[in-house]
Amino acid sequence: MYAVLTKDGFISRPYLEPLGAKSANATKLQSAVKQVAALRKVK
Amino acid sequence: MTVSRRQYDQNVFINCPFDSEYTPIFEAIVFAVADCGFRPLCARERMNSGQVGLDKITELIRDSRYSIHDLSRTEPDEQYSLPRFNMPLELGIALGCIRFGAGRQRQKTVLILDRKRFRYHKFVSDIAGQDISEHLNRPAQAVEAVRNWLRTESQLTDIPGAEYIMRRYRRFKSELPEIAKLAKLNHKRLTFPDYSWTVVQWLEDAKRAAAEA
């Protein structure tokens, strides 16, 4: 399979979520990742 | 229940020491596996806990085309003056699948890690001929070894370079305390499901942000 990276060096495919039971804190962590990313943008 | 063929080809079982000294290498390996587009699996439900049944481990090996086995802990422990044999045992199970298994089990590929590349000659010389890499107890070395192995074995053409992965990993590590704090968790005590979930969310978010910039 021939695939290329994005211009920033990321894979074009989606990143793979863990199998099995989802982290009990998944929603909280997802929201926290977004908040920290938003703060990074402001800086 | 076994996983689909597609999931099997995406799964990477990480078989490594549980001690806190190893945690920086473990966390870097998990990040590298995810950043290369694979799914890290680990018997650890918690970063600092120990006992996991052999059934669980054999299931994870069965369900993973790729497995990483770190043999760097060969020293006798302080309590019993005996080395831990779990990692070589689990490597043996994976090698047994390759030799005696059926169908996709024979297509497994293993990466053996140690502190120094040829140290294994002194304690498990029968594995000569396998893919053995050294990490020198450095996360960056481990990331490079894992990345190069996945690139070679998967033949995927979109595996990022080790320097890209490490640059992102350093950013992730610098942001992880704040992420954990906002989620009312301690970044030093994240469970494996919490840690691996956060890695995936962070990578997706970083990719999106880079595309929008």
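**Questions on chains A and B of a predicted model**

Biologist: What percentage of the 213 residues in chain B is buried?

Modeller: The model is a predicted one. A residue counts as buried when its relative accessible area is under 20%. Among the 213 residues of chain B, the buried share is 53%.

Biologist: And what percentage of the 43 residues in chain A is buried?

Modeller: Chain A has one helix and zero strands. Its exposed area is about 2900 Å², with 60% of that supplied by carbon and sulfur atoms. Of the 43 residues in chain A, the buried share is 33%.

Biologist: In what pattern do helices and strands follow each other along chain B?

Modeller: Chain B contains seven helices and five strands. Read along the sequence, their order is α-β-α-β-α-β-α-β-β-α-α-α.

Biologist: What is the radius of gyration of chain B, and what would a compact globule with 213 residues have?

Modeller: The C-alpha atoms of chain B fill a box of roughly 50 × 40 × 35 Å along the principal axes. For a compact globule with 213 residues, the radius of gyration would be near 17 Å. The value for chain B agrees with this, at 17 Å.

Biologist: What share of the contacts in chain B with a separation of 6 or more is between residues 24 or more positions apart?

Modeller: A contact here means heavy atoms within 4.5 Å. Taking the chain B contacts with a separation of 6 or more, residues 24 or more positions apart account for 67%.

Biologist: How many Å apart are the centres of the positive and negative side chains in chain B?

Modeller: Chain B exposes about 10400 Å², and carbon and sulfur atoms supply 50% of that area. There are 33 positive and 28 negative side chains in chain B. The centres of these two sets are separated by 2 Å.

Biologist: Why is helix α2(B) described as largely enclosed by the rest of the structure?

Modeller: Helix α2 of chain B covers residues 23-35 and reaches 18 Å from first C-alpha to last, close to the 18 Å expected. Its buried residues include Phe26(B), Glu27(B), Phe31(B) and Asp35(B). The helix is largely enclosed because the number of buried residues among its 13 is twelve.

Biologist: How many of the 21 residues of α7(B) are buried?

Modeller: Helix α7 of chain B covers residues 192-212 and reaches 30 Å from first C-alpha to last, close to the 30 Å expected. This helix is mostly covered, and of its 21 residues the number buried is 17.

Biologist: What is the C-alpha to C-alpha distance in space between Leu156(B) and Gly37(B)?

Modeller: Gly37(B) comes just after α2(B) and takes a positive phi of about 90°. Leu156(B) sits in the loop between α5 and α6 of chain B, and is buried at a relative accessible area of 13%. The two residues are 119 apart in sequence, while in space their C-alpha atoms are separated by 9.8 Å.

Biologist: Where in chain B does Leu136(B) lie?

Modeller: Most residues other than glycine have a negative phi. Leu136(B) is not a glycine, yet has a positive phi of about 55°. Leu136(B) is also partly exposed, at 30% relative accessible area. Its place is the loop between β5 and α5.

Biologist: Is Asn137(B) buried or partly exposed?

Modeller: Asn137(B) also lies in the loop between β5 and α5 of chain B, and its phi is positive, near 60°. Partly exposed residues fall between 20% and 50% relative accessible area. The relative accessibility of Asn137(B) is 37%, so Asn137(B) counts as partly exposed.

Conventions: Residues are numbered from 1 along each chain as its sequence is written. Chains are lettered from A and ligands numbered from 1 in the order in which they are written. This is a predicted model: local features need pLDDT of at least 70, side-chain atom pairs count only at pLDDT 80 or more; totals for chains, interfaces and linings use all residues. Side-chain values use heavy atoms; hydrogens and water are left out. Helices (H or I, at least four residues) and strands (E, at least two) are DSSP runs, numbered from the N terminus. The radius of gyration is taken over C-alpha atoms; the globule rule is 2.2 Å times the number of residues to the power 0.38. Buried means under 20% relative accessible area, exposed over 50%, partly exposed in between (1.4 Å probe, protein chains only). Accessible areas come from the Shrake-Rupley method with a 1.4 Å probe; for residues, only the protein chains shown count as cover. Lys and Arg count as positive and Asp and Glu as negative; His and the chain ends are not counted. The place of a charge is taken as NZ of Lys, CZ of Arg, CG of Asp or CD of Glu. The expected span of a helix is 1.5 Å times one less than its number of residues.
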